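Biologist: Could you walk me through a model that I have not seen before? Please go slowly and explain the terms.

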Amino acid sequence: MAGFRDFLLRFRPVGSPGRAAPGGVPADRAAELTAELVPPLSLLEEAEAEARGIRDEAARTAAERRRVAERQAEEIVERATARARDLRARTAARVRHQAEAAAAALLDAAEREVSAVRSRAEARMPALLDRVARLVAEDIGIPSAPGAGGPGTPGHPEGPRKRGP
């Protein structure tokens with residue numbers, strides 16, 4: 001299909017009537033268009049090459065920044081790991097110290113309790129031993145010494161104990 005320009009060329013003005021003009025070469029529209037488009041297209045090619053160069057440089061810069069960021073991330077992780085180990089060690093030492101202090105306090109309390117139980121046992125032991133001796137003597141039929149004191153003895157205000165049937 002013919003373009004609008006070709007359509008308009010049909011109506012171009014012609015020379016005045018008269019003698020014939022010398023012969024001419026028909027116009028080459030394709031060559032005219034090519035000559036017209038070569039400068040802008042060459043500028044476009046230059047712009048494309050420049051854009052390609054900018055993209056390549058940006059890709060190299062981005063790759064370098066990625067490598068730097070990866071190294072920084074590795075360093076940060078290493079420092080964080082070291083800090084975590086140090087923090088764990090300090091926390092473990094603190095907890096161990098608290099546990100040792102609690103164990104020492106429990107041990108001191110237990111020793112005090114043992115001391116109290118021993119002193120009560122020492123205070124009660126003579127009376128219990130006398131009572132056991134009297135009960136054993138009574139069971140095997142040995143008379144107890146008069147005035148030995150204690151229930152179940154003839155000198156005691158409760159009187160002698162009665163044995164079972």
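Modeller: Happily; here are some questions and answers on helices, salt bridges and the surface.

This is a predicted model, where local features need pLDDT of at least 70 and side-chain atom pairs count only at pLDDT 80 or more, while totals for chains, interfaces and linings use all residues. Residues are numbered from 1 along each chain as its sequence is written, and side-chain values use heavy atoms, with hydrogens and water left out.

Biologist: How many helices are there in the chain?
Modeller: Helices (H or I, at least four residues) and strands (E, at least two) are DSSP runs, numbered from the N terminus. The chain has zero strands, and its helices number two.

Biologist: At which residue does H2 bend?
Modeller: The bend is the angle between axes fitted to the seven residues ending at a residue and the seven starting there. H2 covers residues 29-140. Its bend is about 40°, with a proline, Pro126, following within four residues, and the residue is Met125.

Biologist: Which residues are linked with Glu64 in a network of salt bridges?
Modeller: A salt bridge is a side-chain nitrogen of Lys or Arg within 4 Å of a carboxyl oxygen of Asp or Glu. Glu64 has its closest N and O atoms 2.7 Å apart with one arginine and 3.9 Å apart with another. The network joins Glu64 with Arg67 and Arg71.

Biologist: Is Val132 buried or exposed, or in between?
Modeller: Buried means under 20% relative accessible area and exposed over 50%, with partly exposed in between (1.4 Å probe, protein chains only). Val132 lies in helix H2. Because its relative accessibility is 47%, Val132 counts as partly exposed.
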